[in-house]
Amino acid sequence: MGKELSRRDLLKTLGLATGGLLTLPLHGFTTANIRLYIPDPDKYPEPDKPVTAITLGAGNRGNVYGGYAVQYPDHLNIIGVAEPVAIRNERYCQKHNIASENSFHTWEDVFERPKFADAIIISTPDNLHYGPCMKALAMGYDILLEKPIAPTEKECRDILALAKKTNRVVAVCHVLRYSPYFIKLRELIQNGSIGELISIQHFEPIQHIHMSHSYVRGNWHNSKETTPIILAKSCHDLDILRWMVGETCEKISAFGDLKWFKKENMPVGATPRCIDGCAIEKNCAYSALKIYYRDRQRTHVFDLPDDMDKQGDAILDRLKTTNYGRCVYQMDNDQPDHYTTNLQFSNGVTAAFSMEAFTSYEGRRTRIMGSQGDIVGDMSQFTYTNFLTGEKIEWELTSDAHGGGDWNLVSDWIQAVSQQNSALLSSSIDVSVESHIIGFTAEKSRLKEKTKNVIL
């Protein structure tokens, strides 16, 4: 790692002229509006012509990445969409002025036409990543691929092999690599600011309502139909640990289980749906009526009408007809609600990663231990402590979702596609497959109750 940096060099690395609290003036962030608006023109110059793209899946992530085109039409132009939910399709077409002939019901429909754009944005459900990705590669499209790459290790390796064979640009949406917080942590590790890296503790609090919404009632509630939660929720974190350590992971030991959201914990008087006169509904932290109807949390999944007066009735209808209205103790869910993974890397560094459902808060927490100093942070700020002097230096930012990484990722991808150079990507398919293999190995370790070697 090299010798420890001097205080002057460390402050320069952190972007500080003096010690004390830092609110770093990162390009694109303001205190008034925390959305990333301005790509750095030096790193992300305007391409000679906009990259044209077709979005497969006009849900949350498709709108996040596609939103870049609305703000920067000279960089990215969305000219097509495939989305089976009519209201999502219609809204996406309106947002991007998509011609009617380029509006498709399913992803398969897109590929019945000859190639008519530069790239494909794949933001379909997890179990619908493999098919469109393989077809897009075969037809010569470049790809922005939402994580996880695919539900199985074999499918991930197949996509990697075809990407190499066709020499296409494939960026995987490991957006934490583009978060200023993790970029700065990695820089301090790599430049020797904390001496030799010894170990890392990393914690992802899912938050109890997020867990019940996404992994008990929601699209990812059944690992056999979608993806194990360690991939669906935390392949970001496994990837960022591998990226910060800078060496391959060799061994994994994982533990975890579904402890709470199951029938034996169902309160007396609970009904199959929260809306069916459940006797304990008003005393249940996971009441669908409370979460979605009374508190109006996470209602984006319901594709509500624009008319506010009609939204309440629409929510009640969804609670009668979808899994989001079902009792959390009577679902067919199998995803663990607590998961601990221990990793050993080729340089002897160890990492302990914990993913927990039962928290009142979200936002990743990180502790990095080095021979000459340590760092403690929570995605929005961190504190560096020098062991020799005892001096503490604080770094802070105001960030959007994923710590400011979403649109930085899109900007990076646009440059790679425009220049046909995968080396411009931080999260290319090559490196992303490795972190997925780490996740699949962790799941094997958890299920087999054995330490497993990572076979790349």
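**Group meeting: a walk through a predicted model**

Let me start with one residue, Asp 109, which counts as partly exposed because its relative accessibility is 25%, and partly exposed covers the range between 20% and 50%. What we are looking at is a predicted model, so please keep that in mind as we go. Asp 109 sits in helix 4, residues 107-110. A polar atom of its side chain lies 3.4 Å from the backbone nitrogen of His 105. Asp 109 also has a partner in space from further back in the chain: Ala 82 is 27 residues away in sequence, yet the two C-alpha atoms are 7.7 Å apart.

Ala 82 takes us straight to strand 2. In this strand, residues 76-82, six of the seven residues are buried, so the strand is largely enclosed by the rest of the structure. Strand 1, residues 51-56, runs parallel to strand 2, and six bridges join the two. Ala 82 itself stands opposite Leu 56.

Now let's step back to the whole chain. How many helices and strands does the secondary structure come to? There are 14 helices and 15 strands. The chain has 456 residues, and 55% of them count as buried. Its accessible surface is about 19700 Å², with 50% of that belonging to carbon and sulfur atoms. If you take the contacts with a separation of 6 or more, 73% of them come from residues 24 or more positions apart.

On to the nine-stranded sheet. This is an open sheet with mixed pairing, and its strand order is 14-13-12-11-7-10-9-8-15. Why do strand 14 (392-396) and strand 15 (452-453) each have one side without a neighbour in the sheet? They stand at the edges with a single partner strand each, so one side of each is left open in that sense.

Further in along that order, strand 7 pairs with strand 10, residues 350-356, in the parallel sense over seven bridges. Within that pairing, Ser 199 has Thr 350 of strand 10 as its bridge partner. Helix 10, residues 235-245, packs on the sheet and touches strands 7, 8, 9, 10 and 11, with its direction at about 160° to that of strand 7. Helix 14, residues 429-448, packs on the sheet as well, touching strand 8, strand 9 and strand 15, and its direction makes about 50° with that of strand 8.

Let's look at the other end of the strand order. Strand 12, residues 373-377, and strand 13 run antiparallel and are joined by five bridges, with Val 376 partnered by Thr 383. These two strands form a hairpin with three residues between them, and Met 379 in the turn has a positive phi of about 80°. Strand 13 then meets strand 14, again antiparallel and again with five bridges; here Tyr 384 has Ile 393 as its bridge partner. That second hairpin has five residues between the strands, and Gly 390 takes a positive phi near 80°. Strand 13, residues 381-386, has five of its six residues buried, so it is largely enclosed by the rest of the structure.

Two loop residues deserve a stop. Ser 193 lies between helix 7 (180-190) and strand 7 (197-205). Is Ser 193 buried or exposed? Its relative accessible area is 1%, and under 20% counts as buried, so Ser 193 is buried. Its side chain makes a polar contact of 2.5 Å with the side chain of Asn 191.

The other one is Pro 148, in the loop between strand 5 (142-145) and helix 6 (153-166). Pro 148 is buried too, at 0% relative accessible area. Beyond its neighbours within four places in sequence, its contacts include His 129, Thr 227, Cys 235 and His 436. Asp 126 is another contact, with its C-alpha 6.6 Å from that of Pro 148 and their positions 22 residues apart in sequence.

I'll finish with the aromatics. The structure holds 17 aromatic pairs. Take Tyr 292 and Tyr 324: their ring centres are 5.9 Å apart and their planes meet at 75°, so the pair is edge-to-face. This pair links distant parts of the chain, with Tyr 292 in helix 11 and Tyr 324 in the loop between helix 12 and strand 9, 32 residues apart. Both tyrosines are buried. Elsewhere, ring pairs link Trp 260, Phe 261, Tyr 286, Tyr 329 and Phe 358 into a cluster. Thanks, everyone!

Methods: Residues are numbered from 1 along each chain as its sequence is written. This is a predicted model: local features need pLDDT of at least 70, side-chain atom pairs count only at pLDDT 80 or more; totals for chains, interfaces and linings use all residues. Side-chain values use heavy atoms; hydrogens and water are left out. Helices (H or I, at least four residues) and strands (E, at least two) are DSSP runs, numbered from the N terminus. Buried means under 20% relative accessible area, exposed over 50%, partly exposed in between (1.4 Å probe, protein chains only). Contact means heavy atoms within 4.5 Å. Accessible areas come from the Shrake-Rupley method with a 1.4 Å probe; for residues, only the protein chains shown count as cover. A polar contact is a pair of N or O atoms within 3.5 Å; within protein, one must be able to donate a hydrogen and the other to accept it, and residues adjacent in sequence count only if both atoms are side-chain atoms. Two strands pair if DSSP finds at least two bridges between them. Axes are lines fitted to C-alpha atoms, for helices over the stretch in contact, and angles run from 0 to 180 degrees between N-to-C directions. Rings of Phe, Tyr and Trp (its six-membered ring) pair if their centres lie within 6.5 Å; planes under 30 degrees apart count as stacked, over 60 as edge-to-face and the rest as tilted.
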